[in-house]
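Grab a pencil and work through these short exercises, each followed by its solution. Have a go at each task before reading on.

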Amino acid sequence: MKRVRVVLIGIVCIALVVGYYYYLSHKETTDTTEVTEVQKVILKKLEGKSYPATPREVIKFYNRILCCYYNEEYTDDEFHRLADQALALMDQELADNNPPEQYYMQVQKEVDNYHEQKKTINNASVCSSNEVEFAESADREYAYVKSSYFVRDKNGFTKSSQNYVLRKDDDNHWKILAFELVEGAAEDE
């Protein structure tokens with residue numbers, strides 16, 4: 001009799017485990033929303049230890065913002081929040097020359113132009129760590145980073161490159177001070 005009871009208890013336990021597994025595997029999940037790339041970029045904290053640690057990482061994050069501008073769908077609020085993230089990566093001197101409202105309008109105009117021409121950034125890459133150049137002045141540190149962009153449009157692909165100058169601020173964060181399109185970098189492929 002004792003054996004029968006142990007076997008029955010064992011069977012009940014196995015049935016409970018199998019039943020619970022079946023329940024979990026066939027349960028419909030109510031939270032099927034995915035976080036978009038735009039939302040990931042917007043949610044990135046750019047303060048303290050969360051701020052990108054190297055000049056290269058700053059440009060990589062800036063490139064994610066650019067790809068969101070040109071490749072993703074977003075609301076007006078998300079657009080402004082993306083632009084705010086870009087402004088947070090800028091040196092105070094550059095930010096002062098690009099007040100938020102003016103910056104929003106400039107970026108929106110450029111994005112609209114890209115969309116009219118049916119352009120998208122197919123790939124954005126940043127030079128290797130070994131290619132980042134550093135310099136110092138009397139009171140500041142500077143870094144020079146090159147980034148390449150492969151843009152797709154109705155005629156195929158083009159490649160362009162941009163040089164970024166970053167300056168370390170008082171919080172030891174690398175901030176974008178200036179950038180320029182590299183002349184002669186565009187190539188049709």
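**Exercise 1. Place asparagine 122 and say how open it is to solvent.**

Start with the element: asparagine 122 belongs to strand S1, where strands (E, at least two residues) and helices (H or I, at least four) are DSSP runs numbered from the N terminus. A word on the ground rules: this is a predicted model, in which local features need pLDDT of at least 70 and side-chain atom pairs count only at pLDDT 80 or more, while totals for chains, interfaces and linings use all residues. Residues are numbered from 1 along each chain as its sequence is written, and side-chain values use heavy atoms, leaving out hydrogens and water.

Next, the cover. Asparagine 122 counts as partly exposed because its relative accessibility is 47%; buried means under 20% relative accessible area, exposed over 50%, and partly exposed in between (1.4 Å probe, protein chains only).

Last, a partner: the C-alpha atoms of asparagine 122 and phenylalanine 157 are 8.5 Å apart, with their positions 35 residues apart along the chain.

**Exercise 2. Find the phi of lysine 118 and of asparagine 172, then locate both residues.**

Begin with the background: most residues other than glycine have a negative phi. Lysine 118 goes the other way, with a positive phi of about 55°. Lysine 118 sits in the loop between helix H6 (100-116) and strand S1 (120-126), and is exposed because its relative accessible area is 64%.

Now asparagine 172: its phi is positive too, near 65°. Look for asparagine 172 in the loop between strand S4 (156-168) and strand S5 (174-181). Asparagine 172 is exposed, at 52% relative accessible area.

**Exercise 3. Check the span and cover of helix H3.**

Count first: H3 covers residues 55-71, which makes 17 residues. The expected span is 1.5 Å times one less than the number of residues. That gives 24 Å, and the helix reaches 24 Å from its first C-alpha to its last. As for cover, 13 of the 17 residues in H3 are buried, so the helix is mostly covered.

**Exercise 4. Which residues form the aromatic cluster, and what lies over the face of tyrosine 114?**

Search the whole structure and you get eight aromatic pairs, where rings of Phe, Tyr and Trp (its six-membered ring) pair if their centres lie within 6.5 Å; planes under 30 degrees apart are stacked, over 60 edge-to-face and the rest tilted. One cluster is made by Tyr69, Tyr70, Tyr74, Phe79, Tyr104 and Tyr114.

Then look over tyrosine 114: lysine 119 lies there, 5.2 Å from the ring centre (a charge sits over a ring if NZ of Lys or CZ of Arg is within 6 Å of the centre and within 35 degrees of the ring normal).
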